[in-house]
Amino acid sequence: MVVFGRVQRSDLRRLAPIREPRVLSEVPRRVWTDEEWERIQLGFRARGMDDRWHLFLEGDRLFLHRSWLGDGRYEVTFTEVADGRRITEVIVEGAEPRFPGGSDHELCALLERLIDGQLLREQEYGWWSAGRVGDDGRRRMALSG
């Protein structure tokens, strides 16, 4: 059994903040359940060259950095609502060509796909499967393949 804790900023090398912050005019409308929020809090650390993103949470703010150079691309604020968590603000890198991105709608859609793919589906269907929380509060994950 392998023990994975939450991914933290200090676990990652060479992270650079967003240099020219720009607030998106659109945010995902989705509400993430408490169970999904629990998995989002674990974050995601790129494991190899094919993984392009590091994702980690500080408080209610999710940070998304490109894994190869560490450039900050998204800072996402979650707010608790009656049925889970909702994104209330999205800040992106506004400097081109650092992050050409596209329209606010396209950047919003990419953000939702990254959260779903890297933080939710990866953990559910990926190379490890969720285990239980131990007495020390750390989540234990078992390799699934």
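Leu15 sits in the loop between β1 (2-3) and β2 (21-23), with strands (E, at least two residues) and helices (H or I, at least four) taken as DSSP runs and numbered from the N terminus. This is a predicted model, in which local features need pLDDT of at least 70, side-chain atom pairs count only at pLDDT 80 or more, and totals for chains, interfaces and linings use all residues. Residues are numbered from 1 along each chain as its sequence is written, and side-chain values use heavy atoms, with hydrogens and water left out.

How buried or exposed is Leu15? Leu15 counts as partly exposed because its relative accessibility is 22%; buried means under 20% relative accessible area, exposed over 50%, and partly exposed in between (1.4 Å probe, protein chains only). Not counting residues up to four places away in sequence, Leu15 touches Arg9, His54, Phe56, His65 and Gly70, where contact means heavy atoms within 4.5 Å. Leu15 also pairs up in space with Leu69: the two are 54 residues apart in sequence, yet their C-alpha atoms are 7.5 Å apart.

Arg14 is in the loop between β1 and β2 too, and it counts as exposed because its relative accessibility is 56%. The phi of Arg14 is near 55°, a positive value in a residue other than glycine. Most residues other than glycine have a negative phi. Gly43, just after α1, takes a positive phi as well, of about 75°.

Arg14 also helps line the second largest pocket, together with Leu12, Arg13, Arg45, Ala46, Gly48, Met49, Asp51, His54, Ser67 and Trp68. For the record, a pocket is found on a 1 Å grid over the protein atoms alone, as an open set of points where a 1.4 Å probe fits, with protein on both sides within 12 Å along at least five of seven lines; lining residues have an atom within 4 Å of a point. The volume of this pocket is about 220 Å³, counted as the space filled by probe spheres set on points joined across faces, edges and corners. Its lining has four nonpolar, three polar and four charged residues (Ala, Val, Leu, Ile, Met, Phe, Trp, Tyr, Cys and Pro count as nonpolar, Asp, Glu, Lys and Arg as charged, and the others, Gly among them, as polar).

Next comes the inside of the chain. The largest nonpolar core has 22 residues, and Leu62, Leu64, Tyr74, Val76, Phe78 and Ile115 touch the most other members; such a core is a set of buried Ala, Val, Leu, Ile, Met, Phe, Trp, Tyr and Cys residues joined through side-chain atoms within 4.5 Å. Two or more residues each come from α1 (34-42), β4 (53-58), β5 (61-66), β6 (72-81), β7 (84-93) and α2 (104-125), and α2 gives the most, with six. Leaving aside neighbours within four places in sequence, Phe78 is in contact with Trp32, Trp37, Ile40, Asp60, Leu62, Arg85, Arg86, Ile87 and Ile115. Within α1, the buried residues are Glu36, Trp37, Arg39, Ile40, Gln41 and Leu42.

Arg73, in strand β6, is buried, with a relative accessible area of 10%. Its C-alpha is 8.1 Å from that of Pro17, although 56 residues separate them in sequence.

Overall, the protein chain has two helices and nine strands, in the order β-β-β-α-β-β-β-β-α-β-β. Buried residues make up 43% of its 145 residues.
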